[in-house]
Amino acid sequence: MTTVDCSGIDLGSNEDDMRVWTADVSWVIDDDQLVDAEDLAAHVAAIGQMMLGVPVEQLAERIAAQLANQSVFRSVTVTVHMHWKLSLIHISEPTRLQLI
């Protein structure tokens, strides 16, 4: 068996509150299977973007369930991360206000 790992897969963002989601995925496949990690990452990104309204606690489980339906994989592990997309103004404005 072979393990294929992809990390930092962009699942999209929520422009309203500056959140960005990424996923780390690990697949276990049979040695005789030919799998392109870039294609798999693109597939995960597409699934994740369709599910951005799902609570982040459930997002990894739902992506894994979608991937598990594909017979190529022996097992799949998905971890979803939520990051804040902050600009310098988000960081410096509170500091500036404290100095006034």
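A residue is called buried when its relative accessible area is under 20%, and exposed when that area is over 50%. The legends below use these words for a predicted model.

**View 1. The whole protein chain has three helices and three strands.** Along the sequence, these elements follow the pattern β-β-α-α-β-α. The chain has 100 residues, and 30% of them are buried. Its exposed surface comes to about 6500 Å², with carbon and sulfur atoms supplying 53% of that area. Of the contacts with a separation of 6 or more, 59% join residues 24 or more positions apart.

**View 2. Helix α1 has a buried side and another side with exposed residues.** The helix contains 14 residues and reaches 20 Å from its first C-alpha to its last, close to the 20 Å expected at 1.5 Å a residue. Its buried residues are Leu40, Ala41, Val44, Ala45, Ile47 and Gly48. They lie on the same side of α1 because they cover an arc of only 165 degrees around the axis. An α-helix has 3.6 residues a turn, so residues three or four places apart point the same way. On the other side of α1, Glu38, Asp39 and Met50 are exposed.

**View 3. The largest nonpolar core draws on both strands and helices.** This core has 25 residues. Trp27, Ile63 and Leu67 are the residues with the most contacts inside it. At least two core residues come from each of β1 (2-14), β2 (19-29), α1 (37-50), α2 (56-68) and β3 (73-84).

**View 4. Tryptophan 27 is shown with the residues it touches.** Leaving out residues up to four places away in sequence, Trp27 touches Thr2, Thr3, Val4 and Cys6 as well as Leu40, Ala41 and Val44. The rest of its list is Leu67, Phe73, Ser75 and Val76. Of these, Leu40, Ala41 and Val44 are among the buried residues of α1.

**View 5. Leucine 11 is a buried residue in strand β1.** Its relative accessible area is 0%, so Leu11 counts as buried. The C-alpha atoms of Leu11 and Ala45 are separated by 4.8 Å, although the two residues are 34 residues apart along the chain. Apart from neighbours within four places in sequence, Leu11 is in contact with Trp21, Thr22, Ala23, Val44, Ala45 and Gly48. Its other contacts in this list are Gln49, Leu52, Leu59, Ile63 and Val80. Among them, Ile63 is also one of the residues with the most contacts inside the largest nonpolar core.

Conventions: Residues are numbered from 1 along each chain as its sequence is written. This is a predicted model: local features need pLDDT of at least 70, side-chain atom pairs count only at pLDDT 80 or more; totals for chains, interfaces and linings use all residues. Side-chain values use heavy atoms; hydrogens and water are left out. A nonpolar core is a set of buried Ala, Val, Leu, Ile, Met, Phe, Trp, Tyr and Cys residues joined through side-chain atoms within 4.5 Å. Buried means under 20% relative accessible area, exposed over 50%, partly exposed in between (1.4 Å probe, protein chains only). Helices (H or I, at least four residues) and strands (E, at least two) are DSSP runs, numbered from the N terminus. Contact means heavy atoms within 4.5 Å. Accessible areas come from the Shrake-Rupley method with a 1.4 Å probe; for residues, only the protein chains shown count as cover. The expected span of a helix is 1.5 Å times one less than its number of residues. The arc is that of the directions from the helix axis to the C-beta atoms.
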